[in-house]
Structures are given as structure tokens and as C-alpha cells.
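Grab a coffee and work through a few exercises on chain contacts and aromatic rings. Try each task yourself before reading its solution.

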Amino acid sequence: MELGMEQAWLLPAITGGTFAFLLLFGKYLPRGGDFLAVGAGVATFVVFLFILTDLLDVPRESLPIGKGWDWVSFEGLEIRLGFEVDEITIVMLAVVTFVGSLIVLYSTGYMRGDPRYGWFFTVLMLFITSMLTLVLADNLLLLYAAWEGVGICSFLLIGFWHERRSAAEAAKKAFITTRIGDVGLLIGIILFWRATGTFDISEIIEAAEHGEGLLGDGTYLTLATLLLFAGAAGKSAQFPLHVWLPDAMEGPTPVSALIHAATMVVAGVYLVSRMMPVFAAADPIALDVVTALGFITVFISAAIGLVQTDIKRVVAYSTINSLGLMFIALGSLSVTAAMLYLLTHGFFKALLFMASGSVIHATEEQEVSKLGGLIKKMPITGWTFAIGALAMAGLAPLSGYWAKDEILVALEHEQNIILLALASFSVFITAIYMGRIFYLAFLGEPRDHHVHDRAHESPPVMTMPLVVLTALTLVSGFIVFSGVGEALGFDGGFGEFVYFEEPEVFHFDWIIGIGSLIAVIAGLAAVPYFWGGTGERAHAVAQQFPWAYKLVKNKFYMDEIYQVFLDRVVFVLSGILAWFDRNVVNDTGVDGSAMITRLAGYRAKFVQTGQLPNYAFAIAFGVIMLAVIAFAVEF
Amino acid sequence: MTIEEVIFYVLATGAGLGGVGVVLSRNVVYSALALILSLMSVAGIFILLSAEFLALVQILVYGGAVTIIILFAMMLTRVRDMPRAMNGPQWPLAAAVASVFMAVSTIAAVSSQWPGDTENPTVIPLRTLGDSLFRQWSVPFEVASLVLVVALIGAIVLAGREEGE
Amino acid sequence: MIADNPWLDALIRLLAAVALMTFSSLTLIYLERKFIGRIQMRLGPMRVGPYGTLQSIADAIKLVSKEDLRPHTADRWVFELAPYVVFIPSFLTFVSLPFTADWFVRNFELGLFYILAVSGVSVVGVVMAGWGSDNRYALLGGVRAAAQLISYEVPLILAMLGAVMIAESMDLIDIVNGQGRVPYIVWQPLGFLIFFIAALAELYRNPFDIPVAETEVVGGPFIEYSGIRWGMFFLAEYTTLLILSVLASLVFLGGWNWPLGNEAGIGLQLVWIVLKTSFMIMLFFWARATFPRLRIDQLMSFSWQVLLPLSFLQIVINGLVKVYNWPDIVLLLSSGGATALALYFIYASVQRMQEPYPQRFTTVMTRKEPVG
Amino acid sequence: MIPLQHFLVLSGVLFSLGIYGVLARRHAVLILMSVELMLQAVNINMIAFAVYFDPEAFVGLIFAIFIITIAAAEVGLALAIVLRIFRNRATANVDEVNIMKW
């Protein structure tokens with residue numbers, strides 16, 4: 001059998017099988033069967049490579065290629081279950097299989113000694129299975145199922161240390177918050193199904209482009225599209241549903257790296273990219289909403305990131321920041337920029353998380369106020385973190401620079417100078433807080449000698465993935481150049497590989513490129529100025545604008561607003577519903593019908609004499625009456 | 001009246017009288033003996049229907065085994081000591097129902113238009129019957145044997161004495 | 001065809017059968033007494049006729065002339081019908097029993113099955129006799145007899161079935177013709193052994209005379225009978241003995257054939273059948289004179305736990321041989337091996353019987369309990 | 001030969017007697033015996049129809065064999081139940097065993 005795109009179903013099958021095996025027999029295996037999980041990860045990556053080579057041989061017009069089976073088939077409802085591969089899928093697959101494998105490997109070091117070691121890998125396998133299914137699904141229903149699958153895995157893994165109350169709370173928060181978006185997604189899917197009678201993505205896109213049936217109605221289409229986006233926003237932590245992601249850092253760091261940086265949170269980006277033709281066909285307001293929410297998210301997260309002191313949380317806010325950027329790109333119809341950022345972000349953000357995980361693993365401390373000067377103790381971790389942070393900040397020629405550049409160019413194409421300026425400013429802030437966190441954690445004087453003495457370099461199984469990801473962070477941005485792409489076997493640069501409507505040949509825009517580079521360097525330069533020494537200049541700024549500092553420090557009071565909303569609105573409404581349920585549905589409806597049944601039984605029980613002859617007589621009488629009736633009818 | 005008809009009427013009388021004895025006799029053991037009479041007469045009826053094999057099975061199973069077990073059960077349940085009232089209070093109803101059924105079935109049997117020759121039965125050779133039983137009906141046959149085994153084990157478990165009895 | 005008229009023909013055959021039955025029973029009674037007497041170093045009957053040959057006739061006359069007593073609490077109909085219910089099936093089995101290739105009343109395709117089925121009905125008569133007599137010993141004997149007969153009928157039939165499988169027929173003449181040179185006892189020694197044991201039990205002969213044991217139930221179901229009714233039971237018993245012996249010689253010993261040629265004339269056929277039947281009868285007499293009586297639980301467990309599995313084994317082996325066309329020697333080896341096994345079982349259980357009571361009985365008897 | 005109707009009428013008579021016995025009798029063993037009567041009636045019908053109308057497949061004949069088999073199993077099991085009931089409640093009269101009553 002030629003291993004190629006038609007065998008894409010193998011990917012979830014491998015990990016799914018491993019999951020089932022680990023679930024059933026994991027506890028009988030040595031080391032909880034982690035070697036199986038690593039093997040499955042590597043196997044998926046190998047299969048991915050085959051699929052990639054196959055894809056390169058196929059002309060773009062014949063994509064996507066896949067395979068489907070009948071899932072549900074009866075009169076009026078035919079659902080096909082299928083997997084298919086196209087360019088966007090390939091980018092996602094690259095991130096999921098490659099970063100996934102590395103993180104599974106990294107976890108064998110990070111999670112060592114945990115009492116639920118084997119269970120961790122079991123759920124990890126389930127997650128990768130769901131994620132691969134999500135990415136490969138050719139219809140919205142399967143996608144939705146996988147979407148919920150990654151959601152439940154996220155819940156399980158955030159709450160992995162559920163003995164800790166905060167972890168359990170965070171898991172619940174993540175699950176419920178994303179569910180709010182998911183409900184929107186489900187309604188959106190149902191709306192599309194109602195309009196087209198199919199769940200198939202390509203058919204829906206075609207119907208939307210040609211305005212067939214109900215989709216010809218602009219309002220209907222826009223509403224459905226926005227509901228889809230609600231799901232994407234929930235999963236990808238866009239304002240106002242971003243509140244769960246920082247709390248999700250309660251999970252083990254590999255989980256944060258895999259799920260809450262590289263893969264699951266970009267599912268929203270993937271979904272919007274996938275459905276881009278639909279967004280384009282809908283009212284422009286849909287894209288405007290995407291852009292606007294992207295900007296709000298970027299600024300809120302950047303501002304909060306400036307004042308956070310937990311190393312993982314800062315990285316988490318930077319993730320929200322990056323996701324906002326991707327949605328800004330999508331709002332400008334630039335799938336290329338979004339997917340390029342997604343790819344490079346997958347590498348450097350996983351790198352950042354794993355590096356901070358390495359720090360936490362070594363020091364058992366997350367607060368930067370107790371860290372500092374770690375670079376001498378943990379050189380590999382330190383340098384890889386530095387490169388990741390610089391890539392995140394967007395320093396040329398690291399991968400983040402090129403990706404961010406693509407987004408800015410896309411905004412420029414939109415001819416929106418204000419947005420361009422805002423985006424450039426966000427680049428500046430990003431550079432500041434990324435620089436700050438690296439500066440506070442790794443440079444300067446150790447603040448807590450106790451922690452400092454404990455610090456040591458992590459084992460090779462953890463640093464090796466860091467080095468690999470660092471290398472990719474350094475070079476992966478270059479695939480925007482046509483030459484690099486062709487050297488790798490692609491038709492050209494990234495823009496000629498993944499695009500919406502028209503292939504984009506990369507050309508460097510000097511004004512934007514130099515401008516953003518200046519913003520980055522300025523931001524980085526500001527870091528030692530404000531936080532050098534004991535950081536008194538930063539304090540001074542904070543005291544100068546106390547209200548602003550308080551607002552940012554408290555994350556714009558989002559959680560509190562939600563709490564008030566819950567208390568004042570949701571609980572009151574549910575109280576009313578509960579009263580209705582208890583008194584009307586239960587007491588009258590359920591208990592009432594039971595009462596009627598009981599009364600009827602009480603009255604009817606006298607028929608039961610317990611006398612066998614009576615029962616026999618009833619049977620015989622009935623049968624003979626039937627015989628008599630049949631006889632009478634016959635003659 | 002042919003010789004077969006004479007034999008039929010004799011056997012039918014035996015079967016009928018036996019049946020009447022089973023249901024009307026005031027002595028339980030007479031009932032059982034009447035049952036044997038009826039069963040043996042029915043075996044004769046089977047022979048008239050040229051089903052000799054079934055007739056012999058009937059004699060072997062019922063004459064040799066079933067009725068003996070019934071007699072056994074009577075002796076073990078001390079049938080002689082039981083109250084004289086053999087019939088329950090609903091016997092008039094039972095009689096009515098039985099008569100209605102008898103009338104219906106008789107009228108139906110006599111007045112129906114049967115879809116074939118009702119005068120001449122075909123003799124089915126024993127070898128054909130055996131072939132059919134062990135080829136075409138082999139699975140039901142095995143199932144029946146399984147049922148028999150399970151029923152007998154169940155009977156042993158039920159009737160066997162428990163500890164302390 | 002003996003006579004041209006079929007009815008007359010049938011009548012003559014039936015009468016011949018009745019005559020044979022009566023005569024053979026009387027002879028057998030005399031022979032048994034003589035035989036057992038010899039085994040026990042006695043002379044046996046000597047007074048009536050030369051060497052006591054007329055003893056049976058004298059006994060028959062005595063029985064007929066005796067008063068026909070009936071206990072007044074006995075159930076009249078059941079009591080009086082019981083001898084017939086025992087006697088008639090024995091008589092009916094004669095109908096399909098061939099003595100030579102030509103001498104029989106009626107030969108059926110299902111002859112063997114017919115004999116086994118009909119002879120089973122006589123149990124009812126025994127139970128009727130036991131119950132109708134309104135006597136505790138009689139009832140106990142009747143129940144014992146019923147249990148014993150039902151239990152041993154199964155291995156009896158299964159042992160016959162082994163031979164039927166080899167002959168591929170239930171027609172007794174076919175079965176005899178099937179053993180032209182080699183009688184089935186060579187291929188089915190186990191079947192023969194099981195048949196013999198089960199037949200002993202069917203006949204209430206030692207070691208299976210539990211239902212009629214004088215020392216336990218004082219004659220069992222027949223305790224209250226006298227005169228001609230008792231004679232009918234007696235007649236039926238010896239008829240059954242004859243039938244089972246003939247059956248054994250037909251099914252296992254080659255009937256009227258002999259190893260050096262199966263085209264014997266009627267005279268030679270008669271000689272052979274009489275010789276073989278006499279041999280079987282002698283075996284039954286011998287068993288009666290030799291074995292001690294078993295306990296009822298030993299009797300039941302021997303049937304269900306030893307004979308039944310062995311006969312099933314026999315049938316399975318026969319089926320395998322038939323279906324896969326294995327050589328006949330397999331039959332001999334397997335059946336012979338199983339026979340040896342069965343004989344060892346019997347030997348071992350006899351040995352065990354001679355041991356003192358098992359521990360569980362003695363502990364119950366010697367258990368010390370604090371008094372008061 | 002004998003017409004089919006003869007057998008059918010005989011079967012009907014036996015079945016009616018069985019019905020009467022099942023409904024009227026009190027003792028469980030007697031009820032069982034009546035059930036046997038009904039089974040005999042069914043068997044007569046089965047065989048009669050098989051030999052008159054269905055000589056190629058003779059399903060009725062096969063069924064009669066199975067009915068006899070199952071009837072034997074039924075008798076064994078039912079009598080065991082009767083014995084158990086008698087041992088527990090000292091009666092085998094079905095109208096005295098009414099513990100299933102409300």
C-alpha cells in the first residue's frame with residue numbers, strides 16, 4: 001500500500017489505538033507505557049512526512065484528497081465520515097505531529113515520578129487523536145466531535161493535579177468558558193446544515209460562495225459565520241472568552257506547551273482559515289468583528305503581560321497576544337500570514353513553555369520575583385528561552401519576525417493605517433514584556449538564593465526537544481522566501497503554498513520591515529532601563545498611573561465582571577428555572593404521573609388473585625375467544 | 001366400515017375415555033392410569049397415521065418414563081392424604097370454556113375446505129425421516145438435546161435435598 | 001406364510017408364541033432350580049417326575065388351584081389389573097422376536113426399538129402392583145423397582161444402539177445377517193457387558209434384586225399376590241428372561257449364524273439359536289447364584305455414573321468409526337479397553353465394599369456430645 | 001383409509017379435555033397430566049397434517065418429535081418444581097400456593 005494522503009486516517013488511528021491500549025493495559029506496562037506513547041508520536045510524524053511528500057506530487061487543483069465512509073445513512077439524513085488533506089491541514093499536521101512528538105518525549109522527563117504518570121500519557125494520546133481528527137475532518141460534524149474531544153482532554157489535563165483546588169477550578173473554568181463558544185459553534189453548524197443539508201465542508205463553502213438557498217440570505221450567512229467564529233474565539237481564547245487560558249497554566253507545563261500554545265488553542269484559527277471562503281462571502285462585518293476582537297485581545301493581553309510576575313502566565317498572555325495577531329491576519333483575509341504565524345508560533349511558543357517548564361522543574365518556582373540570574377545555572381534552558389522570547393518579540397531574522405511581518409503587510413494591503421499603527425505599537429509592547437520576563441528570570445542578580453541554589457540544568461530528554469525547537473525557531477521563518485521553499489521541494493515560498501484566492505509571492509516591504517524592527521529593538525532596549533537593578537523605574541511608572549496599574553494588574557476585572565454577571569443574571573435565572581423544574585416539572589409532572597400510576601395499580605391489584613387457575617382461565621378464555629372470532633370471521 | 005376404521009374407533013375411544021378419566025377421576029392414581037391408557041391409544045393412532053417411529057417413541061418416553069415419574073411425584077407428594085376436593089371452584093367455567101373449544105374445533109375440522117387430499121395419507125419412510133432429522137433439522141435437534149440436559153440438571157438441582165433438609 | 005388366510009396365519013403364529021412362552025417359562029423355572037442347586041452343591045428338585053422334571057407342572061397346577069386373595073384395603077382395579085400390565089408387554093415383545101431367519105410372528109423394520117419400547121411399559125404394572133396392594137413393603141418395592149428399571153433402561157438401550165449403529169438397521173433379521181462371520185460381541189464387548197449388567201437389573205436378579213429382596217421388602221410389589229395372579233408375574237419374569245437372552249444372542253452373539261458359514265439350514269439355525277440363548281440364560285442363572293445384593297444408592301450411582309458414560313463413550317467411538325471409515329479394529333480395541341476399564345471399576349468397588357465403613361459414617365456414630 | 005377429519009376431531013376432543021383439566025383441577029400433578037393430554041392432541045394434529053398434506057417436508061412429524069422431547073424435559077422440570085413446592089409448603093394444590101398475590 002502506498003502511504004499517502006488517502007491513508008491520512010492512519011494518523012488518528014495510530015494514536016487512538018495507542019490510547020485504547022494504554023487505557024486498558026497501561027497499568028500493566030513498565031513505566032506506564034510511556035514508550036508506546038512516544039512511539040505513537042514518532043509514528044504519526046513519519047506518516048505525516050509520507051503524506052507531505054505525497055501532497056507535493058499532487059497539483060493543487062485536485063486538492064483536497066481524502067477518504068470517506070458512510071457514517072449515518074437513512075432517509076433524509078446522510079452523513080459521511082471522512083478525512084482529507086490540503087495545505088492548511090498539512091501546516092496543522094506539521095505542528096501537531098512534530099511538536100506533539102517532542103512534547104510527549106519531553107513529558108517523559110518532566111512528569112517523572114508523578115503518581116498518575118501513565119494516565120498522563122493516556123490522555124495525551126487521546127488529545128493527539130482528537131486533534132488529528134479535528135484537523136483532518138472533512139465535515140463539520142466530525143470536526144465538532146473532535147473539537148469537543150480536545151476540549152475534554154484539555155479539561156482532564158488542566159485538572160491533572162485535581163487535588164489542588166486551583167487546578168480543579170481552572171479546569172472547570174476552561175471547560176465552561178470554551179463551552180460558551182462551543183454552543184455558538186454547534187448552532188452555527190446546525191444553521192449551515194439547515195441551509196445546505198450537508199455537513200461537508202467543501203460543499204458548504206461552495207454553497208456559501210454561490211449563495212445557494214438560505215445561504216443567499218446575507219444576514220443568515222453572517223449570523224451563521226459569526227456563530228462559527230464564537231466557537232473559534234472560545235477555543236482560541238479571544239476577548240471576551242480569553243479568561244480561561246491564563247488559569248489553564250495550572251496544568252502540567254507540557255500540557256500548556258502542547259494544548260494551550262501549539263495546538264488546541266490554534267484550532268480556532270484553523271477553523272476560521274478553513275471556513276475563510278465563507279467569511280469572505282458573508283457580510284464584511286463578520287471579518288470586521290474578527291479583526292476588532294483580535295485587536296482588543298492583543299492589547300488587553302499585552303497590557304496584562306506587562307505586569308504579571310508568574311513566568312508561565314506571562315507566556316500564556318503572550319499566547320493570547322499571538323492568537324489575537326492571527327485573528328487580525330484572518331480579519332484581513334490573509335490565511336497565509338495566519339498560518340505562517342501559526343506554524344512558527346507553534347515552534348517558539350512550545351519552546352517558551354518548555355523552557356519555562358524546565359525552569360519550574362529545576363527550581364519548583366514560577367514567580368519571577370524569586371528567580372533571576374538563572375542563565376549561569378541553566379545555560380541551555382536560558383539561551384533557548386532567550387531565542388524563543390526574541391522570536392516572540394519579533395526580532396529579525398528569527399521566525400517570529402517574518403510571520404509578524406506578513407501580518408503587518410496584510411494590514412497594509414487593507415489600506416488601514418490606524419490598524420497598522422496599532423499593530424506596530426502592539427509589537428513594541430510585546431517586545432517589552434517578553435524582554436522583561438527573560439530579563440527578570442535569567443539575568444541580573446539572584447533574588448532568592450534558596451531557589452537559586454536548587455536550580456540545575458534539566459535532563460537531556462527535556463533539553464533535547466528545546467534544542468530542536470530552538471533550531472526550528474531560528475530557521476523556520478525563512479520558508480517565506482521562494483528559494484527556500486523550492487529547495488525544500490515546495491512550489492515556492494510559504495505564500496505560494498498556503499493562500500486564500502491568490503498565491504502571494506513574498507517581497508520584503510522595507511518600510512514596514514525596518515519599522516517593526518525598530519519597534520522591537522526599542523522595546524527590548526526599554527527593558528533594562530525600566531527593570532534594571534531593583535526595578536525602581538518600573539515602580540515609578542506604576543505609581544504615576546495608579547488607576548491604570550490597578551486595572552491592568554487585575555486583568556481589567558474580567559473575572560470579577562463575569563462573577564457579577566453570574567451572580568446577578570445567571571443564578572437568578574437558574575433559580576427561576578430550578579423553581580419551575582422542582583414545582584411544575586417534578587412535583588406536578590413526574591410525581592403526579594407516578595401518583596396516577598400508583599393509584600391505578602392500587603385499584604387494579606385486586607385483579608391479581610395469585611391463584612394459578614384464575615390466570616390459566618384468563619389465558620384460555622382469551623385464546624378461545626380469539627378462536628371463536630376467527631371462526632366467525634371465516635364463516 | 002373398514003378394519004382400519006374399526007381400529008381407529010377403538011383407539012379413539014381409548015384415548016377419549018383415558019382423557020375423560022384424567023380430568024374427571026376422583027382418584028389421582030386412576031387419573032394417572034387413565035393417562036397411560038390415553039397415551040398408549042394415541043400411540044396406536046400414530047401407527048394408524050403410519051408414523052410407527054413416533055408411536056414407539058411415544059411408548060418409550062411416555063409409557064416407560066413420563067408416567068412413571070408422574071406416579072413417583074404423586075407418591076412423594078402424598079397424594080392420598082390430600083383433601084377430597086379434586087376440582088377448584090372454577091370448574092363450571094372451565095367446563096364451559098372446554099365445551100366451547102370442543103364445539104369450535106369440531107365444527108372447524110368438519111366444515112373446513114382442506115387444501116389437499118383428506119382421504120389418503122402418505123407413508124413417510126423411516127430413512128427419509130431420519131435423514132431429514134439429522135441433516136435439515138440437525139441444529140434444532142441439538143438444541144433440543146441441550147434443552148433436555150439443562151432441564152434435567154435443573155430438575156436435579158430443584159428436587160435434590162439441600163443441606164439440613 | 002404358514003396359512004393362506006392372513007388372519008389365520010397371524011393367529012397360528014400368536015398361538016405358537018403363547019405356547020412357547022408358557023413352555024419355556026416352565027422349563028426355565030425347573031432349569032434354574034436345578035442349576036442353582038448344582039452350584040450350591042444340592043440336587044435341586046428331584047421328586048416329581050424323573051429328576052424332578054415335572055416339578056414346574058406341579059407348581060403351575062398348585063398356583064392355578066390356589067385361592068386368589070386380595071387385601072380388602074387394596075385398590076381393587078389397580079390391584080387386579082397390575083399383573084396384566086406386566087404380562088402383556090412381555091407377551092407383545094414376542095411378536096417381533098425372530099428365532100430363525102423364517103420363524104417369527106411379524107418382523108418390523110423397527111423391531112429392536114419395538115422390543116425395547118414395549119418392554120419398558122411393564123414398569124407401570126410393577127408400580128401399580130406396589131401401590132395397589134396398600135402395603136408398605138409393596139409400595140417400597142414398587143418405588144424401588146420403578147427407579148431401578150428406569151435407570152437401567154437407559155444404558156440397556158444405549159448398549160443396543162451401539163450394535164444398531166454398526167448394523168445400520170433396527171431390523172433384527174438385518175442385524176443378525178450383518179454378523180455373518182464375526183458376531184458383534186467381538187466389536188462391542190463393552191456393549192455386551194453393559195447389556196448384560198442392565199439386563200440383570202431389568203430382571204431383578206442378583207446383584208440387583210433390591211426391589212424384591214425378601215430380607216428387606218419381603219418380596220416387594222408382589223407380596224400380596226397369590227394364585228394365578230402371582231403366577232402371571234412369575235411367567236412374565238421368565239418370559240422377559242427368555243426375551244433378553246434371545247435378544248442378546250441375536251444382537252451380540254450372531255443369532256442363528258455361526259462363524260463358519262451363514263447359509264445354515266433351519267435345523268442348524270435352531271441349534272445355534274438355542275445354544276446361544278441357553279448360554280445367555282446360564283449366565284443369568286450363574287449371576288443370580290453368585291453375586292451378593294447391592295445397596296440402592298450403589299445401584300443408582302453405578303447406572304448413572306459408570307454405565308451411562310461408558311455407553312455414551314461406546315456410541316461416540318462407533319460414530320467416529322462409521323463417519324470416518326476407520327478400520328473395525330478400532331472398535332475392538334477401544335471397546336475392549338473400555339470393557340477392561342469397566343471391569344476394573346467393578347472390581348475396585350467390590351474391593352471398596354469390603355473395607356470398613358468410611359470415616360464419615362463412623363464419626364457420626366461416635367460423636368461425643370456433652371450431655372445436659 | 002381414514003379421513004383426516006376423524007383425527008382432527010379426536011385431537012379437538014383431547015385438547016378440550018386437557019383445557020378442562022388444567023382449569024378445573026387443583027393438584028399440580030393433575031394439571032401437568034392435563035397438559036400432557038393437550039400436547040398429545042397437538043401431536044396428533046401435527047402428524048396428521050404432515051402425512052396428509054406435507055409428505056415432502058413432513059415438518060409436522062419433525063415437530064412432533066421435538067414436542068415429545070420438550071414435553072419430557074417439561075415434565076421432569078415441572079415435577080421437580082412441584083416437589084420443591086410441596087416440601088416448602090406441604091401442599092401441591094395450586095390454589096393454596098398464592099404467595100404472588102398482592
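Contact here means heavy atoms within 4.5 Å. Keep in mind that this is a predicted model.

**Exercise 1. Describe the interface of chain D and chain B.**

Step 1: count the residues. With that cut-off, chain D brings 67 residues to the contact and chain B brings 88.

Step 2: look at the area. About 7200 Å² is buried between chain D and chain B, and carbon and sulfur atoms give 77% of that. On the chain D side, the residues that lose the most area to chain B are M1(D), Y20(D) and R25(D), together 10% of what that side buries.

Step 3: check the polar side of things. Between chain D and chain B you'll find zero salt bridges, but eleven residue pairs are in polar contact, both partners at pLDDT 80 or more.

Step 4: place the residues of chain D. Helices α1 (4–24), α2 (28–53) and α3 (59–89) of chain D each supply at least two residues of the side that touches chain B. The most comes from α3(D), with 24 residues. By type, that side of chain D splits into 50 nonpolar, twelve polar and five charged residues.

**Exercise 2. Do the same for chain A and chain D.**

Step 1: count again. Twelve residues come from chain A and nine from chain D.

Step 2: take the area. Chain A and chain D bury about 940 Å² between them, with 72% of it on carbon and sulfur atoms. G610(A), Q611(A) and P613(A) supply 36% of the area that chain A buries against chain D, more than any other three residues.

Step 3: tally the polar links. The count is zero salt bridges between chain A and chain D, and zero residue pairs in polar contact with both at pLDDT 80 or more. The chain A side that touches chain D holds seven nonpolar residues, four polar and one charged.

**Exercise 3. Classify the ring pair of F35(C) and F285(C).**

Step 1: start from the total, which is 42 aromatic pairs over all chains.

Step 2: check the geometry. The ring centres of F35(C) and F285(C) are 5.9 Å apart and their planes sit at 45°, so the pair is tilted: neither under 30 degrees nor over 60.

Step 3: locate the partners. F35(C) lies in helix α1 (residues 6–39) of chain C and F285(C) in helix α12 (residues 266–290), 250 residues apart, which makes this a link between distant parts of the chain.

Step 4: buried or exposed? F285(C) is buried at 3% relative accessibility, while F35(C) is partly exposed at 25%.

Key. Residues numbered from 1 in each chain as written. Chains lettered and ligands numbered in written order. Predicted model: local features only at pLDDT ≥ 70, side-chain atom pairs only at ≥ 80, totals over all residues. Heavy atoms only, no water. Buried area = accessible area lost by both parts, 1.4 Å probe. Salt bridge = Lys/Arg side-chain N within 4 Å of Asp/Glu carboxyl O. Polar contact = N/O pair within 3.5 Å; in protein donor to acceptor, adjacent residues only side chain to side chain. Nonpolar A, V, L, I, M, F, W, Y, C, P; charged D, E, K, R; others polar. Phe/Tyr/Trp six-rings, centres within 6.5 Å; stacked < 30°, edge-to-face > 60°. Helix = DSSP H or I, 4+ residues; strand = E, 2+ residues; numbered from the N terminus. Buried < 20%, exposed > 50% of the residue type's maximum accessible area, 1.4 Å probe, protein only.
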